[in-house]
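Work through the exercises below with the structure open. Try each task before reading its solution.

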Amino acid sequence: MKISVCIATYNGEKYIKEQLDSILLQLNDNDEVIISDDSSNDNTIEIIKDYNDSRIKIYEKQKFRSPIFTFENSLKYSTGDYIFLSDQDDLWMPNKVNTIKKYLKSYDLVFSDANIIDSNRKVLHESFYHLNGSKQGLIKNIIKNSYLGCTMAFNRKILEKSLPFPKDLPMHDWWIGLIGEMYGRTYFIDEKLISYRRHGNNASPAGEKSQYSLSKKIFFRFIMIKNLFLKYTEGHYRGKL
């Protein structure tokens, strides 16, 4: 089974090499790393190109100004049977790919636990699951999101159901996770398969106290419910044609 690792980058020069080193060692020759870069103005692209690795495909000079739609662009170019999401600044454990591939034989979308580290690899929290209260379930995850994209992998069925992203989407991993709950079998792996880095400049607040107001959180959930309903009714209508 071919693997596509999809990464969104923006000014990631500080950590991108560590991340790619931890990924590439686990991939076969026919696998791919799809990188969508949102017009970085540092050395991110040069560092990636220095690998001169045919498995790496770079789509640079994008102008989404959004990690959500930069990720969507990467996903659109993926050709693998299994799709792994990756941030630009984490570290994969050496057994991540082989472990997740075993679960993807039985499930459509899987997540793993992660420890949380700082910029110097000091462990801040031993378990993202424990910190976040991560559990399965559609309603549970509409109320409180458990899904951390950089621990996520799924098959093409979930990819095709997830795309295109709704234009008002507040979080891409939340969306993909809920699509997995609606249309497939999901599984939370207890093993910690990445070190999730928090360094003060992350694109998302996962692993930290949310800075959104209560009204904003309620609005986000309204948006997600609306888009899930539209996705369901669209599929139901097409099934009757």
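**Exercise 1: aromatic pairs**

In this predicted model, ten aromatic pairs are counted when ring centres must lie within 6.5 Å.

Task: Classify the pair formed by Phe128 and Tyr196 as stacked, tilted or edge-to-face.

Solution.
- Step 1. A pair of aromatic rings is described by the distance of the centres and the angle of the planes.
- Step 2. For Phe128 and Tyr196 the ring centres are 6.3 Å apart and the planes are at 80°.
- Step 3. An angle over 60 degrees counts as edge-to-face, so this pair is edge-to-face.
- Step 4. Phe128 belongs to helix α5 (residues 128–132), and Tyr196 belongs to strand β9 (residues 186–197). The two residues are 68 residues apart, and their pair links distant parts of the chain.

Task: Decide whether Phe128 is buried or exposed, and do likewise for Tyr196.

Solution.
- Step 1. The cut-off for buried is under 20% relative accessible area.
- Step 2. Phe128 has 4%, so Phe128 is buried.
- Step 3. Tyr196 has 1%, so Tyr196 is buried.

**Exercise 2: other ring contacts**

Task: Find which residues sit over the rings of Trp92 and Tyr183.

Solution.
- Step 1. Over the face of Trp92 lies Lys96, at 4.0 Å from the ring centre.
- Step 2. Over the ring of Tyr183 sits the charged end of Lys161, 4.5 Å from the ring's centre.
- Step 3. A cluster can be located as well: ring pairs link Phe111, Tyr129, Tyr147 and Phe188.

**Exercise 3: helix α8**

Task: Check the span of helix α8 (residues 172–183) against the expected value.

Solution.
- Step 1. Helix α8 has twelve residues, and the rise is 1.5 Å a residue.
- Step 2. The expected span is 1.5 Å times one less than the number of residues, which gives 16 Å for α8.
- Step 3. The end C-alpha atoms of α8 are 16 Å apart, so the two values agree.

Task: State how many residues of α8 are buried.

Solution.
- Step 1. The buried residues of α8 include His172, Trp174, Trp175 and Glu181.
- Step 2. In total, ten of the twelve are buried, so α8 is largely enclosed by the rest of the structure.

**Exercise 4: the whole chain**

Task: Judge how compact the chain is for its 241 residues.

Solution.
- Step 1. The chain contains nine helices and nine strands.
- Step 2. Its radius of gyration is 17 Å, close to the 18 Å of the globule rule, so the chain is as compact as a globular protein of that length.
- Step 3. Buried residues make up 52% of the 241 residues.

Notes. Residues numbered from 1 in each chain as written. Predicted model: local features only at pLDDT ≥ 70, side-chain atom pairs only at ≥ 80, totals over all residues. Heavy atoms only, no water. Phe/Tyr/Trp six-rings, centres within 6.5 Å; stacked < 30°, edge-to-face > 60°. Helix = DSSP H or I, 4+ residues; strand = E, 2+ residues; numbered from the N terminus. Buried < 20%, exposed > 50% of the residue type's maximum accessible area, 1.4 Å probe, protein only. Lys NZ or Arg CZ within 6 Å of the ring centre and 35° of its normal. Rg over C-alpha atoms; globule rule 2.2 N^0.38 Å.
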